[in-house]
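With the model open in your viewer, please follow the stops below in order, selecting each group of residues as it is named.

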Amino acid sequence: MNTLGQNSNSGQRVLILSGPSGSGKTTIVNRLINDAPVKLMKSVSATTREPRPQEADGEDYYFLTDEDFRSRLSENEFLEFAEVFSSGFLYGTLRSEVERAWTENAWAFLEIDVEGALNVMQQYPDAVTIFLKTPSAEEFERRLRSRGTENEEVIRKRLATAASELQSADRYRHIVVNDQLERAIGEICEILKSEETASNA
Ligand code: 5GP
């Protein structure tokens with residue numbers, strides 16, 4: 001049964017991709033939809049933020065008013081939600097999106113922030129979770145210090161941000177460094193292949 005209240009995921013596969021902005025998430029998501037060795041269906045999130053130019057309702061997001069979002073929340077329509085970047089804007093994954101993927105025998109593919117991901121991991125411990133890092137994260141401190149242009153306070157703030165990102169990364173099953181686009185996509189495809197094989201074993 002595809003009831004989201006149940007946590008056994010026989011055939012109900014969830015893939016979560018998170019990572020800081022600038023990690024190349026969007027490009028990778030779009031490539032994976034077409035090229036992944038398993039059938040992925042992107043979950044279209046709901047948000048209360050305004051659409052950007054080029055963004056289409058129902059494709060990039062479901063753009064909801066704050067009132068509509070909160071009324072759907074009270075109807076338990078969301079699998080998870082978060083206020084992203086303390087922006088005041090709400091983002092959430094609709095249960096209907098995940099069910100739509102499963103009905104199509106596809107993996108539900110969620111590109112969501114860390115808070116939302118941790119929430120989904122609790123409900124679906126078998127979710128395949130990937131944290132995408134920029135290669136510059138490893139080199140961050142060395143570069144910052146070798147440049148010698150930032151004062152110590154700025155360096156400390158930046159290192160703290162990088163550290164908290166790294167802490168979150170440890171909660172994910174896989175960490176992929178987007179050093180080269182094709183290599184990173186290849187690595188994610190290998191992860192999906194082996195996860196699919198493991199789940200069918
Ligand atoms: P943007 O406003 O730039 O499209 O997205 C900002 C952030 O919101 C991204 O880091 C993205 O991962 C996150 N996000 C998008 N959809 C969801 C969602 O449904 N739930 C959660 N928790 N975060 C989301």
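Which element gives the most to the shell around the ligand? In this predicted model, the answer is β6, which contributes 3 residues to that shell. Select β6 as residues 90–94 and then β5 as residues 78–83, since these are the elements that give two or more residues to the shell around the ligand.

**The ligand and its shell**

Now extend the selection to the whole shell, in which 16 residues surround the ligand, the closest being Ser 45, Arg 49, Tyr 61, Glu 80 and Tyr 91. If you colour this shell by residue class, the division comes to 6 nonpolar, 4 polar and 6 charged residues.

Next, show the oxygen atoms of the ligand and inspect the polar atoms that face them. Begin at Tyr 91, where a polar side-chain atom lies 2.5 Å from an oxygen atom of the ligand, and move on to Gly 92, which instead places a backbone N or O atom 3.1 Å from an oxygen atom of the ligand. Then select Glu 111, where a polar side-chain atom is found 2.8 Å from a ligand oxygen atom. With a surface switched on, consider how far the ligand is enclosed: on its own it has 520 Å² of accessible area, and the protein covers 88% of this.

**From the shell to a salt bridge**

Keep Arg 49 selected, as it is among the residues closest to the ligand, and add Glu 55, for the side chains of these two residues meet in a salt bridge with an N to O distance of 2.8 Å. Is Arg 49 buried or exposed? Arg 49 counts as buried because its relative accessibility is 8%, below the 20% limit, whereas Glu 55, with a relative accessible area of 21%, is partly exposed.

**Two pairs within helices**

Select helix α3, residues 95–103, and display Glu 97 and Arg 100, which both lie in this helix, 3 residues apart, or about one turn. Their side chains meet in a salt bridge at 2.8 Å, N to O. Here too the partners can be told apart by accessibility, since Glu 97 counts as buried at 5%, while Arg 100, at 36%, counts as partly exposed.

Another salt bridge belongs to a network, in which bridges that share partners join Arg 31, Asp 35 and Glu 182. Select Asp 35 and Arg 31 within it, and you will find their side chains in a salt bridge of 2.9 Å, N to O. Both residues are in helix α1, residues 25–35, and because they are 4 residues apart, about one helical turn separates them. Asp 35 is partly exposed at 41% relative accessibility, and Arg 31 is likewise partly exposed, with a relative accessible area of 27%. If you wish to continue with such pairs, the count comes to 13 salt bridges.

**The whole chain**

Finally, clear the selections and return to a cartoon of the protein chain, whose secondary structure comes to 7 helices and 9 strands. Colouring by accessibility should bring out the buried residues, which make up 41% of the 201 residues in the chain. Among contacts with a separation of 6 or more, 64% are between residues 24 or more positions apart. A surface view closes the tour: the accessible surface of the chain comes to about 11100 Å², with 47% of it belonging to carbon and sulfur atoms.

Technical notes
Residues numbered from 1 in each chain as written. Predicted model: local features only at pLDDT ≥ 70, side-chain atom pairs only at ≥ 80, totals over all residues. Heavy atoms only, no water. Near = heavy atom within 4 Å. Polar contact = N/O pair within 3.5 Å; in protein donor to acceptor, adjacent residues only side chain to side chain. Areas by Shrake-Rupley, 256 points an atom, 1.4 Å probe, with all protein chains shown as cover. Nonpolar A, V, L, I, M, F, W, Y, C, P; charged D, E, K, R; others polar. Buried < 20%, exposed > 50% of the residue type's maximum accessible area, 1.4 Å probe, protein only. Contact = heavy atoms within 4.5 Å. Salt bridge = Lys/Arg side-chain N within 4 Å of Asp/Glu carboxyl O.
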